[in-house]
Amino acid sequence: MIVLGVDPGLAATGYAVLEAANGRMQVRESGCARSRSRHPMEARVRTIYDELAAVLARWQPEVTVLEGLYSDYGFPRTAILMGHVRGVICLAAGQAGARVMEVSPAEAKQALTGSGRASKEQIRRAVARMLALDEPPASDHVCDALALAIVGLAREGVSL
């Protein structure tokens, strides 16, 4: 089974493709789709859409695991901007025939570390251990995308 984990962000959207086979998980591709803050909104979301659509076309995952939206009500603009990014991610996944699964940050932390309040460093170590990586991912966005993909595989009943 192949899954795509996506950590949405307007400046940088982390993504990670995991393949599970024979009780093992393997990272097939990971990276960040980056947009430039000086560009208009339509160009920024188009950049994210184009990069993720290409990843979806290359790997044809069955499921796209998207980080659930959370926002501090003191910053409603952030939630609105994230809605644009999440919309193009869902569109790209749907066009590629991949189901979209949403996982909250707390659920991912709980699944990987046993604590829904785990630190970024705890998540980095858990991801590196579970995927047998020599080093934890350097990018928090990629690390979060890998974590989401791991949780997505577990939710799909893939024995790891």
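Hi everyone, let's start with helix α5, residues 140-155, which lies across β1, β2, β3, β4 and β5 and runs at about 40° to β2. Please keep in mind that this is a predicted model.

So what is α5 lying on? The sheet is open, has 5 strands in the order β3-β2-β1-β4-β5, and shows mixed pairing. At its edges stand β3, residues 24-34, and β5, residues 99-103; each has a single partner strand, so one side of each is left without a neighbour in the sheet. From one strand to the next, the twist averages 20°.

Let me zoom in on one pair. Strand β1, residues 2-7, and strand β2, residues 12-21, are antiparallel and joined over 6 bridges. If you'd like a place to look, find Ile2: its bridge partner in β2 is Glu19.

Now, another helix on the sheet. Helix α1 lies across β1, β2, β3 and β4, the last of these being residues 63-67, and α1 runs at about 155° to β3.

And which helix does α1 pack with? That would be α2: α1 covers residues 41-59, α2 covers residues 76-96, and their axes are 9 Å apart at an angle of about 30°. Angles under 35 degrees count as roughly parallel, and α1 and α2 are therefore roughly parallel to each other. The crossing of α1 past α2 is right-handed.

Who makes that contact? On the α1 side we have residues including Val45, Ile48, Tyr49 and Leu52, and on the α2 side, among them, His84, Val85, Val88 and Gln95. By type, the contact residues split into 15 nonpolar, 2 polar and no charged.

That's my tour, thanks for listening!

Terms used
Residues numbered from 1 in each chain as written. Predicted model: local features only at pLDDT ≥ 70, side-chain atom pairs only at ≥ 80, totals over all residues. Heavy atoms only, no water. Axes fitted to C-alpha atoms, helices over the stretch in contact; angles between N-to-C directions. Helix = DSSP H or I, 4+ residues; strand = E, 2+ residues; numbered from the N terminus. Parallel < 35°, antiparallel > 145°, perpendicular 65-115°, else oblique. Left-handed = near helix turned anticlockwise from the far one by under 90°. Contact = heavy atoms within 4.5 Å. Nonpolar A, V, L, I, M, F, W, Y, C, P; charged D, E, K, R; others polar. Pairing = 2+ DSSP bridges.
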